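Biologist: I'm new to this one and would like a close look at a single part rather than a quick tour. Could you pick a helix, show me what surrounds it, and then place it in the rest of the chain?

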Amino acid sequence: MNANRALDELLAGRLRPGVYQWRTPAVPGAVGDTSWTERAEEAGWHAVHLDGRRARDKDGFLRVCAEAFEFPDWFGGNWDALEDCLSDLSWTPAKSGYLVLYESWSELADADQSAFRTVLDVFGSAVKTWRETSTPMVVLLASVGVEVAGVPRLAFE
């Protein structure tokens with residue numbers, strides 16, 4: 001299944017919400033391309049873009065999340081607070097679901113493997129929390145060739 005069709009299937013609710021590797025086409029889908037955001041929002045999903053080029057360590061990742069998700073002032077800036085916020089999101093309601101695209105994740109994975117694994121655990125927990133609700137969460141790790149062991153592929157062309 002190609003990346004565009006996989007995204008359509010996901011947005012239509014025909015694929016199980018989860019954390020996936022998503023190999024996007026070279027163009028569109030390059031870092032900074034927003035066509036996926038528009039498609040998600042047209043389908044009623046709240047789209048969140050995480051730019052991993054700005055997240056090379058735990059603190060950088062937490063800052064990127066706080067900005068992208070527009071966390072409330074009470075966000076504590078640690079892993080537990082991140083998990084709490086991702087499991088709540090009451091300040092940014094979604095009609096159909098939450099779609100998170102994490103681009104350039106390899107920056108964190110290369111610099112701090114332990115922090116990256118914690119990120120995957122936190123996202124996995126949040127996805128599980130939202131899975132059985134009317135607003136599921138999906139996290140896509142945008143990939144242009146590098147893969148993450150243990151994370152299923154959504155689409156590879």
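Modeller: Here is a walk around one helix, followed by some places elsewhere in the chain.

Keep in mind that this is a predicted model. The mean pLDDT of the chain is 89, and 90% of its residues reach 70 or more. One stretch to treat with care is residues 27–31, where pLDDT stays under 50. For that stretch the model has 9 contacts beyond four places in sequence.

To get your bearings, follow the chain from the N terminus: the elements run α-β-α-β-α-α-β-α-α-β-β. That comes to 6 helices and 5 strands. Of the 157 residues, 48% are buried. If you take the contacts between residues at least 6 apart in sequence, 68% of them join residues at least 24 apart.

Now for the helix I'd pick, α3, which covers residues 58–68. Its buried residues are Gly-60, Phe-61, Leu-62, Val-64 and Cys-65. It helps to recall that an α-helix has 3.6 residues a turn, so residues three or four places apart point the same way. What do the buried residues of α3 pack against? Two of the partners are strands, β2 (45–51) and β3 (97–103). The helices on the list are α4 (79–86), α5 (106–111) and α6 (113–131). Just after α3 comes Glu-70, which takes a positive phi of about 55°.

One of those partners, α6, deserves a stop, and Phe-123 is a good residue to look for in that helix. Phe-123 is buried, with a relative accessible area of 0%. Leaving aside residues up to four places away in sequence, Phe-123 touches Val-19, Leu-50, Phe-61, Leu-86, Val-100, Tyr-102 and Val-139. You've already met Phe-61, among the buried residues of α3. Phe-123 and Ser-87 are 36 residues apart along the chain, yet their C-alpha atoms are separated by 9.5 Å.

Next, have a look at two loops. Most residues other than glycine have a negative phi. Leu-89 isn't a glycine, but its phi is positive, about 55°. You'll find Leu-89 in the loop between α4 and β3. Is this residue buried or exposed? Leu-89 is buried, with a relative accessible area of 1%. Ser-104 is another non-glycine residue with a positive phi, near 55°. Ser-104 sits in the loop between β3 and α5. With a relative accessible area of 19%, Ser-104 counts as buried because the cut-off is under 20%.

Finally, go back towards the start of the chain for a pair of helices, α1 (residues 3–11) and α2 (residues 35–42). Their axes come within 10 Å and cross at roughly 25°. Angles under 35 degrees count as roughly parallel, and α1 and α2 are therefore roughly parallel to each other. The crossing of α1 and α2 is right-handed. On the α1 side, the contact is made by Asn-4, Leu-7, Asp-8 and Leu-11. On the α2 side, Trp-36, Arg-39 and Ala-40 take part. By class, the contact of α1 with α2 has 4 nonpolar, 1 polar and 2 charged residues.

Conventions
Residues numbered from 1 in each chain as written. Predicted model: local features only at pLDDT ≥ 70, side-chain atom pairs only at ≥ 80, totals over all residues. Heavy atoms only, no water. Buried < 20%, exposed > 50% of the residue type's maximum accessible area, 1.4 Å probe, protein only. Helix = DSSP H or I, 4+ residues; strand = E, 2+ residues; numbered from the N terminus. Contact = heavy atoms within 4.5 Å. Axes fitted to C-alpha atoms, helices over the stretch in contact; angles between N-to-C directions. Parallel < 35°, antiparallel > 145°, perpendicular 65-115°, else oblique. Left-handed = near helix turned anticlockwise from the far one by under 90°. Nonpolar A, V, L, I, M, F, W, Y, C, P; charged D, E, K, R; others polar. pLDDT = per-residue confidence, 0-100.
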